[in-house]
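Please open the model in your viewer, with the sequence panel beside it, and keep a selection tool at hand. The stops below move from a single residue outwards, and each one says what to select and what is to be found there.

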Amino acid sequence: MYLIDDVTKMTGLTKRTLRYYEEIGLILPPQRTKGNARIYSEEEVKELRKVAEAKEVLGFSLQELQQFMSLKRMIEERSEQQGLSAKEITKIENLLENQIKMIEFKVVKMQAFKTELKEMRESAMEIHEKTKTKTKGEMKEWKDSIQITD
């Protein structure tokens with residue numbers, strides 16, 4: 001079990017962010033000590049790392065993350081209980097398909113941005129090479145124009 005200070009170090013999230021995620025239902029409220037301090041399990045820390053990664057790296061909004069986490073919880077709860085109805089399965093499939101499409105869209109956008117960055121890098125390198133060549137040519141021209149006299 002980890003105290004909130006430990007969790008902030010492990011996840012890179014602030015205490016305020018952890019409390020906010022709990023407040024909006026993105027994460028379930030953690031257990032509390034007798035002194036009312038939040039304590040997090042290893043599993044909760046792993047979940048928080050996934051949330052942070054999804055938000056930072058994949059660019060998920062909090063709303064998208066809430067949808068994902070509620071789906072995940074629903075599937076986990078139902079697998080432990082009686083299962084899912086056909087209606088629930090259809091709903092889950094549709095929601096997950098939408099999230100998969102959203103990720104695929106983001107991947108395409110990221111690839112396009114990556115390509116643009118590479119092109120910009122190439123342009124900068126070409127400019128640098130032209131500048132070096134021009135400078136060398138100017139230096140040679142300057143040396144040739146100087147006449148050394150004794």
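Begin by selecting E47, which lies in helix α3; helices here are DSSP runs of H or I with at least four residues, strands are runs of E with at least two, and both are numbered from the N terminus. Before going further, note that this is a predicted model, in which local features need pLDDT of at least 70 and side-chain atom pairs count only at pLDDT 80 or more, while totals for chains, interfaces and linings use all residues. Residues are numbered from 1 along each chain as its sequence is written, and side-chain values use heavy atoms, with hydrogens and water left out.

Is E47 buried or exposed? E47 counts as buried because its relative accessibility is 17%, the classes being buried under 20% relative accessible area, exposed over 50% and partly exposed in between, with a 1.4 Å probe and protein chains only. If neighbours within four places in sequence are set aside, E47 is in contact with I27, M69, K72 and R73, where contact means heavy atoms within 4.5 Å.

**The largest pocket**

Keep E47 selected and add I27, L28, Y40, S41, E43, E44, L48, M69, K72, R73 and E76, which together with E47 line the largest pocket. A pocket, on a 1 Å grid over the protein atoms alone, is an open set of points with protein on both sides within 12 Å along at least five of seven lines, whereas a cavity is a set of points where a 1.4 Å probe fits but cannot get out; lining residues have an atom within 4 Å of a point. The volume of this largest pocket is about 250 Å³, a volume being the space filled by probe spheres set on the points, with grid points joined across faces, edges and corners. Colouring the lining by residue class shows five nonpolar, one polar and six charged residues, given that Ala, Val, Leu, Ile, Met, Phe, Trp, Tyr, Cys and Pro count as nonpolar, Asp, Glu, Lys and Arg as charged, and the others, Gly among them, as polar. Helices α3 and α4 each supply at least two residues of that lining.

**The second largest pocket**

E47 also belongs to the lining of the second largest pocket, so named in the selection E47, K50, V51, A54, L58, F60, L65, F68, M69, Q99 and I103. The elements that give two or more residues to this lining are α3, α4 and α5 (86-145), and the largest share, four residues, comes from α3. About 170 Å³ of space lies in this pocket, and its lining divides into eight nonpolar, one polar and two charged residues.

**The cavity**

Next select L58, F60, I103, K106, V107 and M110, the residues that line the largest cavity. The structure holds one cavity of 30 Å³ or more, and the space in the largest cavity is about 30 Å³. Of its lining residues, five are nonpolar, none is polar and one is charged.

**The nonpolar core**

Now select L18, Y21, Y40 and L48, which have the most contacts inside the largest nonpolar core, a set of 17 residues. Such a core is a set of buried Ala, Val, Leu, Ile, Met, Phe, Trp, Tyr and Cys residues joined through side-chain atoms within 4.5 Å. At least two core residues come from each of α1 (4-11), α2 (15-23), α3 (42-56) and α4 (62-80), and α3 gives the largest share, five residues. Centre the view on L18, which touches I4, V7, T8, L13, I27, Y40 and L48 when residues up to four places away in sequence are not counted.

From L18, move to T8 in helix α1, which counts as buried because its relative accessibility is 17%. The C-alpha atoms of T8 and L48 are 9.8 Å apart in space, although the two are 40 residues apart in sequence.

**The sheet**

Finish with the three strands, which form an open, antiparallel sheet in the order β1-β3-β2; two strands pair if DSSP finds at least two bridges between them. The edge strands, β1 (2-3) and β2 (31-32), each pair on one side only. Select Q31 to find I39 of β3 standing opposite.
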